[in-house]
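I opened this notebook to record what I looked up in the model, entry by entry. The entries begin with the surface and go on to the chain as a whole, the charge pairs and the backbone.

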Amino acid sequence: MPRRPLQKLQASLVARRFYIQQHTKSQIADELGISRFKVARLLDTALAEGIVRIEISDQGDLDTELAEKVRHKFGLNAALVLDGPDVHAGDLFEPLGLLAADFLEESLIDGQLLGISWGRTLSATAKALTKLPKVDVVQAGGSPAGLDLSQNPTELVHRFTRASGGTAYPLFGPMWVDDSELIARLRNETSIANAMSRYDKIDVLAVGIGSWRPQESCLSSGFPDDWRRDALKKNVFADVCATLIAEDGAPVPSPLEHTGLCLSTEQLRKIPERIGIGGGLEKADAIRAVLKGKWITTLITDAGVARKLIESK
């Protein structure tokens with residue numbers, strides 16, 4: 001026979017009323033003629049004796065434990081981590097894009113201004129979108145050289161806007177121009193000025209994270225050879241939008257500051273919510289540099305990268 005059968009009976013009755021019938025502890029105490037403190041002790045007994053077993057189902061394909069460790073270590077507002085083994089970046093564009101699309105659909109608020117950069121992961125995000133809150137969308141920089149149309153920021157702005165029903169602010173121009181006089185004229189062109197004038201008003205920025213070591217960056221591959229060599233000499237490890245970032249997280253000066261049609265480093269820092277999307281073993285060092293410099297407030301990545309981030313000093 002079970003020891004202390006009366007206590008087990010009471011614990012079972014209390015647990016059933018509390019967990020299944022959703023009664024309060026005060027209601028249960030009145031119903032059974034016992035004190036609220038005894039109700040609390042009986043609930044503890046129910047858990048300790050295995051009368052009640054609580055099972056927490058993890059969130060599908062997400063690794064919530066790793067995500068919380070990354071969030072806490074780097075002081076992020078949020079981290080979302082796809083569960084699974086170590087994989088390469090090329091296998092993650094669609095899964096990360098789908099996760100980013102779900103996050104944006106859930107977290108954006110009507111009336112906000114969303115900034116969009118470019119790249120393969122954001123292209124997958126745009127493809128996965130169904131219905132965004134009614135936000136306006138602005139292009140955070142001109143088009144880097146050599147991008148496929150599906151990754152082009154102008155195309156992405158329109159695809160995001162179709163999902164939101166808001167207003168699109170595309171930037172019809174290149175990412176940079178060598179001629180300083182021409183860049184000044186372009187910045188005053190009506191449609192370009194219309195987009196760039198909104199950079200100080202961006203509420204949320206969604207960006208890919210580019211890696212420079214190894215070179216898995218649209219910006220790096222589009223840079224002129226002399227710019228790229230100079231950036232690598234300056235220890236560039238990553239880029240976020242048009243900002244180059246060293247291994248320790250510090251910003252690295254680049255010609256884009258004077259010749260670019262893009263969100264500046266100072267403007268990037270001022271955006272309240274900056275969502276960095278990127279994964280794959282090749283990008284782990286770049287993502288670590290971005291997190292060290294606190295360039296993003298939310299990270300969407302995979303478990304392989306998250307494990308490396310947790311192991312790093």
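**Entry 1: a charged patch.** Before listing any patch I noted the rule, by which patches are made of residues with over 30% relative accessible area and no salt bridge, like charges being joined within 9 Å. The model I am reading is a predicted one. With that rule in hand I looked for negative charge on the surface and found a patch in which Asp-178, Asp-179, Glu-181 and Asp-226 gather. Of these I followed up Asp-226, which sits in helix H11, residues 225-233. Asp-226 has a relative accessibility of 46% and is therefore classed as partly exposed, since that class lies between the 20% limit for buried and the 50% limit for exposed.

**Entry 2: a nonpolar patch.** I then turned to nonpolar side chains, which are joined into a patch within 5 Å. Tyr-19, Ile-20, Leu-47 and Ile-54 form such a patch on the surface, and together they have about 390 Å² of accessible area. I checked Ile-20, which belongs to helix H1, and its relative accessible area of 60% is why I entered Ile-20 as exposed.

**Entry 3: the chain as a whole.** I wanted the overall dimensions next. I read a radius of gyration of 25 Å for the chain, where a compact globule of 313 residues would have one near 20 Å. Taken along the principal axes, the box filled by the C-alpha atoms is roughly 90 × 40 × 30 Å. For secondary structure I have 15 helices and 11 strands, and buried residues account for 50% of the 313 residues.

To put one distance beside these values, I took Arg-36 and Val-236, which are 200 residues apart along the chain, and found their C-alpha atoms separated by 62 Å. Arg-36 is placed in helix H3, residues 36-48, and at 47% relative accessibility Arg-36 is partly exposed.

**Entry 4: salt bridges.** How many salt bridges does a search of the whole structure find? The search gives 8, and I wrote up three pairs, keeping in mind that side chains of opposite charge can pair when their charged atoms come close.

The pair I took up at the start of this entry joins Glu-31 to Arg-17, with 3.0 Å between the closest N and O atoms. This pair links distant parts of the chain, as Glu-31 lies in helix H2 (residues 25-32) and Arg-17 in helix H1 (residues 5-20), 14 residues apart. Both partners came out as partly exposed, Glu-31 because its relative accessibility is 41% and Arg-17 because its value is 21%.

Glu-68 and Arg-71 make a salt bridge with an N to O distance of 2.7 Å. Here both residues lie within helix H4 (residues 64-74) and are 3 residues apart, which is about one turn of the helix. I noted Glu-68 as partly exposed at a relative accessible area of 39%, and Arg-71 as partly exposed at 27%.

Asp-285 and Arg-288 also meet in a salt bridge, at 2.6 Å from N to O. They too are 3 residues apart, about one turn of the helix, and both lie in helix H14, residues 284-292. Are the two partners buried or exposed, at least in part? Asp-285 is partly exposed, with a relative accessible area of 34%, whereas Arg-288 has 15% and is therefore buried, the limit for that class being under 20%.

**Entry 5: backbone details.** Finally I went through the backbone. The peptide bond leading from Arg-213 to Pro-214 is cis, its omega being near 0°, and Pro-214 falls in the loop between strand E5 (204-212) and strand E6 (215-216).

Which residues have a positive phi although they are not glycine? I entered Gln-22, with a phi of about 60°, and Asn-235, with a phi of about 70°. Gln-22 is in the loop between H1 and H2 and is exposed, at 60% relative accessibility. Asn-235 is in the loop between H11 and strand E7 (236-240), and at 31% relative accessibility Asn-235 is partly exposed.

Key:
Residues numbered from 1 in each chain as written. Predicted model: local features only at pLDDT ≥ 70, side-chain atom pairs only at ≥ 80, totals over all residues. Heavy atoms only, no water. Areas by Shrake-Rupley, 256 points an atom, 1.4 Å probe, with all protein chains shown as cover. Salt bridge = Lys/Arg side-chain N within 4 Å of Asp/Glu carboxyl O. Lys, Arg positive; Asp, Glu negative; His and termini not counted. Charge placed at Lys NZ, Arg CZ, Asp CG, Glu CD. Helix = DSSP H or I, 4+ residues; strand = E, 2+ residues; numbered from the N terminus. Buried < 20%, exposed > 50% of the residue type's maximum accessible area, 1.4 Å probe, protein only. Rg over C-alpha atoms; globule rule 2.2 N^0.38 Å.
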